[in-house]
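Good morning, everyone, and thank you for making time for this. I would like to walk you through one structure, going slowly enough that each term is in place before we use it.

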Amino acid sequence: MCWSLDGTWRFHFSPTTSAAPADAAEVDLDDSGWEPIQVPSHFVLTDDSRWGRPIYTNVKFPIPLDPPHVPDANLTGDYRLEFELPGAETTTEGIRPGEPWQGWRDFQRVLLRFDGVESIGLVHLNGKRVGVVRGSRLRTELDVTDLLRPGRNLLHVRVHQWSAMTYVEDQDQWWLPGIFRSVCLIGRPAGGIDDFWLDAGYDHRTGRGRIVPEITAADDAWPITLRIDDLHFEQTFASADELLPLDLGEVVAWDCDTPRLYTATLASNGETIEAKIGFRTVRVVGRELLVNGRPLRMRGVNRHEFDPDKGRIVSEERLRADLMMMKQHGMNTVRTSHYPPHPRFLDSCDELGLFVVLENDLETHGFELAGWVGNPTDDPTWTDHLVDRMRRTVERDKNHPSVIIWSLGNESGTGANLAAMSAWTHRRDPGRPVHYEGDHAGRYTDILSRMYPPLEGLEDLSDGLGSALTDIPGQAARQTDRPIMLCEFVHAMGNGPGGVAGYEHLFDTLPGVIGGLVWEWRDHGLRTTINGQPDFGYGGDFGEVFHDATFVIDGLTTPDGHPSPAMAEVAAQFTPIRLEMDQEVVFIRNLRHSADTSDLVFTVVVDGPDGEVGREEMDVPVIESGDEIAVVLPSVAPSAHERWLSVVASLGDDSAWAPAGHVVARAQVIIEPTHGPAATPRPRPAHLDGWQVGPVTLDPVTGRPSSWAGVPVSESDTTLWRAPTSNDSLRTFGSYELADVVATRGLGVDAPSSAERWRDAGLDRLVSRLVELRHDGDRITVRRRQAPAQGTWGVEVIEQWTELEGQAALGIDIVPFGRFDCTWPRVGWHLLLPGGYSEASWVGTGPGEAYPDSDAGVWLGSFSADIDDLCFGYIVPQETGHRPNLRRLAISGAGLPTLQVSSSGPHHPGFTLARHDAHELDAASHCSELGTSRGVHLYLDAAQHGLGSRSCGPDVRPEFQLWAKAVRIDLQLGVMR
Ligand code: IPT
């Protein structure tokens with residue numbers, strides 16, 4: 001029985017510990033001058049700056065490294081709640097919170113439960129000290145039986161922003177003090193069940209379920225009966241001595257594909273408890289992590305609890321929406337980085353089918369910057385506390401089938417206390433492996449885990465070779481006897497990550513590598529006002545003197561939950577239904593954990609530049625998990641136009657996590673046009689009347705277009721500049737060991753960032769000189785040189801304008817000269833159109849944006865969109881909206897002629913339509929700084945540089961880098977009347 005104390009409490013804020021009222025816990029204190037506050041909440045988020053402000057740091061501590069002491073300037077919140085408990089003499093009708101707790105006195109014991117208080121809570125009830133709440137994201141239960149009384153009760157909790165706990169809670173996130181999860185009173189009846197564990201396993205050889213029951217209850221609770229109606233199972237235990245392993249007969253196993261839960265009922269003399277159980281067995285066998293006897297292939301994501309308004313308080317709807325979105329994007333595992341999540345999160349994982357790496361609330365990362373001196377994970381004074389943290393993590397969540405791995409915490413170096421935590425966990429729960437990335441030598445954990453290695457580093461790990469990743473003496477030998485996972489890989493910061501495909505390929509093929517978890521699910525931008533406009537804030541936006549800026553904006557969704565383009569890429573890479581095809585055959589591999597493909601419909605679609613030309617459902621036999629089949633594709637009629645042949649796998653019916661029709665996998669091949677018997681002769685360029693080329697008018701002095709279909713256009717230029725992405729701009733921290741690894745592997749991460757090199761080379765400030773402007777009657781040739789100040793390098797641009805069948809045909813040759821010792825962000829042509837243009841329809845790549853190392857989530861087809869939706873609103877403005885392989889584009893707007901761009905190949909450019917140009921995006925660090933749009937910017941790019949993952953991890957792979965080279969862009973500019 002749980003009686004919620006959530007709601008409005010009274011609050012007093014003090015900027016320092018010493019300013020806090022000495023009598024705050026006193027029952028008769030007159031707190032009428034205190035202010036109302038909602039519980040749960042973070043007090044620094046309740047009223048902007050009045051009660052302190054949030055602080056963002058990643059590795060470094062925002063306080064001096066002086067454990068266990070903290071500065072006097074320690075925001076302190078005093079919380080008071082008055083509540084009435086019914087007594088013989090009181091009438092409690094209508095007294096808050098909620099209904100009066102009529103039966104409270106029937107309970108033998110009453111516990112006061114806190115599910116989350118940052119960073120410490122000192123609790124008094126009715127003027128008496130009850131205890132201390134430690135472990136911000138852990139559950140604490142305090143016995144208040146003897147302190148409660150009928151009538152008025154007064155609960156006081158003092159919360160400090162900093163405490164000794166701060167030293168072990170240095171996760172990369174906002175520091176957000178407050179009572180941020182629920183508080184309640186729990187009534188424990190006489191003869192009740194204090195704790196239970198229905199440890200349910202599955203024998204994949206026999207299909208039978210087994211429960212190892214553990215019940216903690218006082219003598220007066222017994223006998224206790226366990227019932228599972230769906231299995232027609234009932235057994236009564238006279239005492240704890242009778243709790244022996246139970247054979248439940250044939251059951252349906254629980255896993256990510258078939259999350260079958262059974263309802264179990266435990267009835268003692270004093271209470272009846274219902275629990276959901278799932279039968280599943282986890283084992284590390286050699287280099288495999290087996291779930292129900294099948295090797296787990298981990299396709300995961302790291303999830304923090306985050307809401308842009310409420311901080312670490314996530315509503316039930318948001319939480320469900322997150323999990324549904326993960327399922328829809330092919331994810332099967334979540335790491336609760338870096339602490340136990342709100343308990344209801346795990347209920348939903350059980351129900352929807354997501355494996356969970358459940359992480360303890362522990363990180364001491366800032367000690368790394370001090371050479372790990374004084375690290376609590378290796379200091380005996382911390383042992384008991386840290387083991388207790390792990391104990392509370394395991395005990396709270398042990399009954400969830402979704403939890404398949406316990407993680408000791410994150411980024412805490414290594415030390416004896418971690419070993420002790422692991423030993424405790426192994427003893428307590430031999431049925432789940434223990435993970436901790438920092439155990440590089442594999443001394444006390446079961447899985448070898450790493451973050452952000454380059455592909456070569458992952459290969460070395462799999463090979464058990466010594467390398468910078470595996471250089472601890474004796475370690476290499478240990479690499480080959482356990483599964484390897486990447487607890488973090490590909491950093492979804494800003495536009496990116498690129499290069500997911502390389503990892504997926506290695507996960508599929510390298511021995512011992514079971515997969516990884518993307519960093520991370522959501523951007524942690526806090527809604528605020530910047531320059532008088534609503535925006536999302538990050539480090540530095542809340543007056544912090546010491547912070548880590550944008551590094552907290554690194555998720556696959558925006559702070560308010562909109563999926564970024566990277567989500568489509570990750571989904572395409574993660575899909576367990578692997579389609580590989582040519583024009584004749586599609587190979588379909590089912591890499592789901594256990595499910596067959598009977599829920600899927602496979603469709604063949606044939607598209608061409610003029611839209612869909614055919615579609616039929618395929619006759620595909622049911623494919624068991626782990627199997628692969630080949631299906632012959634229908635032949636596509638020869639055509640003078642190119643054809644795009646696609647195979648699409650989608651859900652036949654609604655599932656628990658997506659509606660019927662949801663696309664699970666897709667593949668496409670291009671069928672080249674057959675050349676017709678009599679190829680139409682190439683039209684001859686028309687004679688040009690002055691400077692009018694088809695619908696385009698050129699300026700006779702500059703040679704640049706001044707109007708198109710009568711619409712004024714400007715700023716036409718060749719450009720090499722894109723607004724650097726977060727991955728272009730950041731370099732992995734110098735202190736970070738993987739950076740060294742990557743550097744030794746020659747991927748150059750420890751060198752200046754791409755953006756630094758590009759700016760040094762002046763790619764953002766090319767100036768041009770007209771070399772030649774020639775009118776030859778049917779051709780206008782414009783030659784320009786573009787180079788930066790002091791530059792002996794640049795590009796020579798030759799634009800040739802002719803008129804073909806009423807259109808302006810533009811051929812642009814861009815040829816580098818001089819020495820470029822850096823890559824190029826892009827190479828393309830830019831033109832500013834009037835702002836009245838609002839819609840685009842195109843034939844080419846879509847629906848989303850794509851870059852050389854991130855193009856699996858897009859395909860060739862016909863698409864249309866509002867121009868405003870073509871660019872993604874990255875929280876930190878940067879390059880966005882590039883869609884390669886354009887065949888045809890129509891740009892329209894009310895009252896304006898529809899402009900047309902087409903490309904007949906062979907090299908189809910990419911296009912971008914944006915309200916702000918690359919320089920404007922580059923100059924802004926928040927969307928609210930972008931200023932008024934000057935119009936619609938059209939970019940037509942011969943090429944773009946890849947994205948990579950260098951904001952935390954490897955740079956763009958060599959094959960996706962754009963190095964200076966001569967390119968040609970061929971376009972036809974027309975108008976639709
Ligand atoms: C790694 C952290 O574990 C994670 O919390 C987050 O900070 C991530 O990096 C980057 O966003 S640690 C890093 C030093 C590799």
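Let me begin with a term: a crossing of two helices is called right-handed if the near helix is turned clockwise from the far one by less than a right angle, and left-handed if that turn is anticlockwise. Please also keep in mind that what you see is a predicted model.

With that in place, look at helix α8, residues 500-509, and helix α9, residues 565-574, which pack with their axes 10 Å apart and at an angle of about 20°. Angles under 35 degrees count as roughly parallel, and α8 and α9 are therefore roughly parallel to each other. The crossing of α8 and α9 is right-handed. On the α8 side the contact is made by Val 500, Ala 501 and Glu 504, while α9 contributes Glu 569, Gln 573 and Phe 574. Sorted by class, the residues of this contact are 3 nonpolar, 1 polar and 2 charged.

Helix α8 has another partner to consider, namely helix α6, residues 455-463, and here the axes come within 10 Å and cross at roughly 10°. By the reasoning we have just used, α6 and α8 are therefore roughly parallel to each other, and their crossing is right-handed. From α6 the residues that make the contact are Leu 455, Leu 458 and Glu 459, and from α8 they are Gly 502, Tyr 503, Leu 506 and Phe 507. This contact of α6 with α8 divides into 5 nonpolar residues, 1 polar and 1 charged.

Let us turn now to the nonpolar cores. The largest has 70 residues, and those with the most contacts inside it are Leu 5, Trp 9, Phe 43, Tyr 79, Phe 83 and Leu 155. Strand β5, residues 76-85, supplies the largest share of this core, which is 4 residues. Apart from this core lies another one, of 61 residues, including Val 334, Leu 418, Tyr 444 and Val 570.

Finally, I would like to look at a single residue, Trp 406, which lies in strand β28, residues 403-407. Is Trp 406 buried or exposed? Its relative accessible area is 0%, so Trp 406 is buried. Although Trp 406 and Leu 358 are 48 residues apart in sequence, they are 5.1 Å apart in space, taken from C-alpha to C-alpha. If we leave aside neighbours within four places in sequence, the residues in contact with Trp 406 include Leu 358, Met 390, Val 394, Arg 432 and His 435.

Technical notes:
Residues are numbered from 1 along each chain as its sequence is written. This is a predicted model: local features need pLDDT of at least 70, side-chain atom pairs count only at pLDDT 80 or more; totals for chains, interfaces and linings use all residues. Side-chain values use heavy atoms; hydrogens and water are left out. Axes are lines fitted to C-alpha atoms, for helices over the stretch in contact, and angles run from 0 to 180 degrees between N-to-C directions. Helices (H or I, at least four residues) and strands (E, at least two) are DSSP runs, numbered from the N terminus. Angles under 35 degrees count as roughly parallel, over 145 as roughly antiparallel, 65 to 115 as roughly perpendicular and the rest as oblique. Contact means heavy atoms within 4.5 Å. Ala, Val, Leu, Ile, Met, Phe, Trp, Tyr, Cys and Pro count as nonpolar, Asp, Glu, Lys and Arg as charged, and the others, Gly among them, as polar. A nonpolar core is a set of buried Ala, Val, Leu, Ile, Met, Phe, Trp, Tyr and Cys residues joined through side-chain atoms within 4.5 Å. Buried means under 20% relative accessible area, exposed over 50%, partly exposed in between (1.4 Å probe, protein chains only).
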